[in-house]
Amino acid sequence: MHLRRIATIAGVAAARAIVVLVLGLGFWAAAPIVVGWHPTTVMTASMSPAIEVGDVVVARPASLDQMVPGRVLLGEDPDWPGRLRLHRVSEVSADGALITRGDANPSVDTSPIRPEAVHGVGVLRVPWIGLPIVWLRTGQVLPLATTMAAFILCVSVALRQGADDEPADPPGASVDPSAPADTPQTRRMRRALGVVSTVALTTTLAATPAWAALGDTAWTPARVEAGRVTAPLSLGCSNDGGAVVTWAYDGWEPRSFDLLVDGQVVARDLSPGARSARVPQDRFYSVFRSSTVTVRANVGGQWSADSSTSVSVGGALFGFGRPFCR
């Protein structure tokens, strides 16, 4: 067998495996709708690493005695009307309110969830399948387009004739003239119709929880807002034996802050409560050149936000000494 033929068979097999995997994930993400459960797409990373951005979490209705510490709840967020909160129960207060906390957050949420506002408890996590929804909602065109193009390519390759396909009639075999011809093109057409029908069905099911499963909400139905990244605000700079950068922050408590000089991190993993940091002296600061300092808030994983404002620092000598505010 020629190497080209071997490579073709391997490529077709790999493409079919990828298509089957994607369709399988889509099925498990969408099928629970039939029994009244709620598949929802996780948009942020406050539950990392247990639940990551792009995962689809299926929540089923639960009784009050099942809403115990340690369970992941999907409920209406009292801090953000119209949004949903997907966090773990930390404790149950004396009046029955559910105090929750994201696994990636250092403290409990500011407001508890009432039991009547709970949509269900998490029972199934389907990884990755919701990433296209995340990219679509956040305007990330490049990964969305790349993934769609790659999947279309896999479908196209999967429809190619491989070694396991039905062989053509052998030479000398009797053929019924009245029977319709079963050519390789006909077989490929049947496979194409089968794959397209499966993709269409799975896409329809998967779209239902993403946009309409919780259609009574006023803001992005069935979208789980598991955390919110807010950029640091109101950057300032003061000279105190060197440049000290200050900032304000009004959002979900982050995992940490980073200090950046000209886009490069120079001080990382500052505490969540930090509101100032000294610019380190490990760079070349010149009296003839200004460097731009920004601050980054990290919520977890790939979710962070850089300040839109900045401050300038520079050296007092020709590339030596401490940085000072300008």
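These questions and answers go through the strands, the disulfide, the ring pairs and the salt bridges of a predicted model.

Colleague: What should I know about the model before reading values?

Modeller: Residues are numbered from 1 along each chain as its sequence is written, and side-chain values use heavy atoms, with hydrogens and water left out. The model is predicted, so local features need pLDDT of at least 70 and side-chain atom pairs count only at pLDDT 80 or more, while totals for chains, interfaces and linings use all residues.

Colleague: Which strands stand at the edges of the open sheet?

Modeller: Strands here are DSSP runs of E, at least two residues long, numbered from the N terminus, and two of them pair if DSSP finds at least two bridges between them. The open sheet has three strands in the order S8-S9-S12, with antiparallel pairing. Each edge strand has a single partner, so one side of it is left without a neighbour in the sheet; these are S8 (233-239) and S12 (276-278).

Colleague: In S12, which residue is the bridge partner of Val-245?

Modeller: Strand S9, residues 243-248, is joined to S12 by three bridges, and the two run antiparallel. The bridge partner of Val-245 in S12 is Ala-277.

Colleague: Is the disulfide of Cys-237 and Cys-325 left-handed or right-handed?

Modeller: A disulfide is a pair of cysteine sulfur atoms within 2.5 Å, and the sulfur atoms of Cys-237 and Cys-325 are 1.8 Å apart. Cys-237 is in strand S8 and Cys-325 in strand S16 (residues 323-325), 88 residues apart. The torsion about the S-S bond is about -75°, so the disulfide is left-handed.

Colleague: Which of these is buried and which partly exposed, Cys-237 or Cys-325?

Modeller: Buried means under 20% relative accessible area, exposed over 50%, and partly exposed in between, with a 1.4 Å probe and protein chains only. Cys-237 has 29% and is partly exposed. At 16%, the buried one is Cys-325.

Colleague: What kind of ring pair do Tyr-249 and Phe-257 form?

Modeller: Rings of Phe, Tyr and Trp (its six-membered ring) pair if their centres lie within 6.5 Å; planes under 30 degrees apart count as stacked, over 60 as edge-to-face and the rest as tilted. Tyr-249 and Phe-257 are both buried, and ring pairs link them with Trp-247 into a cluster. Their centres are 5.4 Å apart and their planes are at 85°, so the pair is edge-to-face.

Colleague: Why does the salt bridge of Asp-55 and Arg-125 tie together parts that are apart in sequence?

Modeller: A salt bridge is a side-chain nitrogen of Lys or Arg within 4 Å of a carboxyl oxygen of Asp or Glu, and Asp-55 and Arg-125 meet at 2.6 Å, N to O. Asp-55 lies in the loop between strand S1 (38-42) and strand S2 (56-60), while Arg-125 is in strand S6 (residues 118-126), so the parts tied together are 70 residues apart in sequence. Asp-55 is buried at 1% relative accessibility, whereas Arg-125 is partly exposed at 39%.

Colleague: Which residues are joined with Arg-85 into one salt-bridge network?

Modeller: Arg-85 forms a salt bridge with Asp-109, the closest N and O atoms being 3.4 Å apart. Arg-85 is in strand S4 (residues 84-92) and Asp-109 in the loop between strand S5 (98-101) and S6, 24 residues apart. Arg-85 is buried at 0% relative accessible area, and Asp-109 is buried at 7%. Salt bridges that share partners join Arg-85 into one network with Asp-77, Asp-79 and Asp-109.

How values were computed:
Helices (H or I, at least four residues) and strands (E, at least two) are DSSP runs, numbered from the N terminus.
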